[in-house]
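Hi,

Here is the structure I promised to pass on to you. Have a look at it first, and then read on for what turned up.

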Amino acid sequence: MIRLLPLGLRTAIGRRLGQLVELGRGLLRRARRLVRGLRRHGRLRRGRLRWAIKISAPDDPTASRWGDTAFADDLAEALTRRRQTVRVDRLGAATAPDGDDDDVVLVLRGLHRIAPVPGIVNYLWIISHPDDVGEKEAGAGWDRVFAASRTWGRAGRLHAEPLLQAASATRFSPGPPDPEIAEDVLFVGTSRGVVRPVIRDAIETGARVGIYGHDWERYVDASHVRADHLAFARVPAAYRSARIILNDHWDDMRTNGFVSNRLFDASFTGARIVSDDIAGMDELFGGLVKSYRDQAELTRLLTDETAWPSRQERLRLAEEIRRLHSFDARADTLLAYALADARLR
């Protein structure tokens with residue numbers, strides 16, 4: 001029937017139908033935005049927000065070996081205990097079908113840059129590789145920027161406020177050792193493709209160092225390597241069972257006061273930890289973490305029990321550290337900010 005109409009009229013009808021379709025689509029988009037807005041208002045009123053934690057770990061089987069994955073999972077559990085709905089997005093993963101209904105995006109800035117999402121609350125938490133973060137990235141539309149350091153010189157220029165790393169108080173705690181995984185001196189981590197000084201120095205003292213991590217065969221005798229990976233679920237028992245834990249930092253993290261997550265994990269168990277020196281270490285961990293200046297001092301730390309606090313004192317310190325620096329404490333901080341910032345939108 002329409003083909004019998006004059007060409008000009010058919011064109012006008014087609015144009016009008018297109019306009020009506022586009023109008024319908026626009027109304028549908030506005031209706032969806034209204035529904036999302038009402039949902040967000042209801043969640044905000046109840047204090048129960050939807051969070052997307054975005055990390056640099058790739059969306060493939062290797063993600064299980066990334067510290068960022070364990071960090072995000074532990075933080076997600078802490079937020080979930082506070083009645084929040086939380087999703088962890090790995091790098092390259094397809095966007096969740098309901099991702100456009102999120103209230104808060106929290107990017108854990110590691111190796112990769114991840115952009116904020118317009119229209120909702122966006123937080124950037126710089127937990128590692130601070131030298132890679134510039135003013136342009138920090139000013140890209142974040143509601144708040146956090147840095148896992150109290151001494152970072154560039155924090156002021158990036159408008160970043162301190163928010164240190166943390167550990168899971170439900171996974172890392174004092175307890176009896178596990179003989180199956182006990183080591184005299186323990187390190188858990190990769191070689192990073194370099195000779196890590198704390199490992200080299202400890203071995204040179206003659207210490208019985210056991211290592212879990214990949215790519216170590218080029219740098220240490222194979223007798224020190226226990227396995228190329230230790231599942232996250234086994235790490236707490238390994239830390240509880242070792243006499244001494246070894247730790248070090250990336251150069252830019254040490255220079256800028258970005259305290260290693262490993263220090264929080266191990267200190268939660270009351271372990272004795274030997275680490276390279278980093279600003280604020282004594283204030284945070286008391287006598288649980290000690291650094292050394294030469295081989296003689298390192299030898300004493302690795303062999304002399306009197307160089308360390310008593311077990312009773314170590315347990316007291318561990319309890320205080322667990323109270324102040326758990327993921328539950330960080331979740332409380334982030335949630336308070338998110339509720340306040342969401343109300344301003």
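The largest pocket has a volume of about 1200 Å³; please keep in mind that this is a predicted model. There are 41 residues lining the largest pocket, and those closest to its centre are Arg65, Trp66, Gly67, Asp68 and Arg262. Three helices, α2 (67-80), α5 (235-241) and α7 (261-267), each give at least two residues to the lining. The largest share comes from α2, with five residues. If you are thinking about the chemistry of that lining, it divides by class into 17 nonpolar, 14 polar and ten charged residues.

Next, the sheets. One is an open sheet of six strands, in the order β9-β8-β7-β10-β11-β12, and its pairing is parallel. At its edges are β9 (225-227) and β12 (289-290), each of which pairs on one side only. Helix α4 (residues 197-204) packs on this sheet, where it touches β7 (185-188), β8, β10 (244-247) and β11 (273-275). The direction of α4 makes about 140° with that of β10. Back at the β9 edge, β8 (residues 209-212) runs parallel to β9 and is joined to it by two bridges. In that pairing, Tyr212 has Ala227 in β9 as its bridge partner.

Helix α4 also has a helix to deal with. How do α4 and α9 cross? The axes of α4 and α9 (residues 295-303) come within 10 Å, and the crossing is at roughly 75°. The two helices are therefore roughly perpendicular to each other. On the α4 side of the contact are Asp201, Ala202 and Glu204, which meet Gln295, Leu298 and Leu302 of α9. By class, this contact has three nonpolar, one polar and two charged residues.

There is some more strand pairing to look at elsewhere in the chain. Strand β4 (residues 121-126) runs parallel to β5 (residues 144-147), with four bridges joining them. Here Tyr123 stands opposite Arg144 in β5. Strand β5 is also joined to β6 (residues 160-162), by three bridges and again in parallel. For a residue to find on screen in that pairing, try Phe146, whose bridge partner in β6 is Glu161.

Happy to talk any of this through once you have had a look.

Best wishes

Terms used: Residues are numbered from 1 along each chain as its sequence is written. This is a predicted model: local features need pLDDT of at least 70, side-chain atom pairs count only at pLDDT 80 or more; totals for chains, interfaces and linings use all residues. Side-chain values use heavy atoms; hydrogens and water are left out. Two strands pair if DSSP finds at least two bridges between them. Contact means heavy atoms within 4.5 Å. Axes are lines fitted to C-alpha atoms, for helices over the stretch in contact, and angles run from 0 to 180 degrees between N-to-C directions. Angles under 35 degrees count as roughly parallel, over 145 as roughly antiparallel, 65 to 115 as roughly perpendicular and the rest as oblique. Ala, Val, Leu, Ile, Met, Phe, Trp, Tyr, Cys and Pro count as nonpolar, Asp, Glu, Lys and Arg as charged, and the others, Gly among them, as polar. On a 1 Å grid over the protein atoms alone, a cavity is a set of points where a 1.4 Å probe fits but cannot get out, and a pocket is an open set with protein on both sides within 12 Å along at least five of seven lines; lining residues have an atom within 4 Å of a point. Grid points are joined across faces, edges and corners, and a volume is the space filled by probe spheres set on the points.
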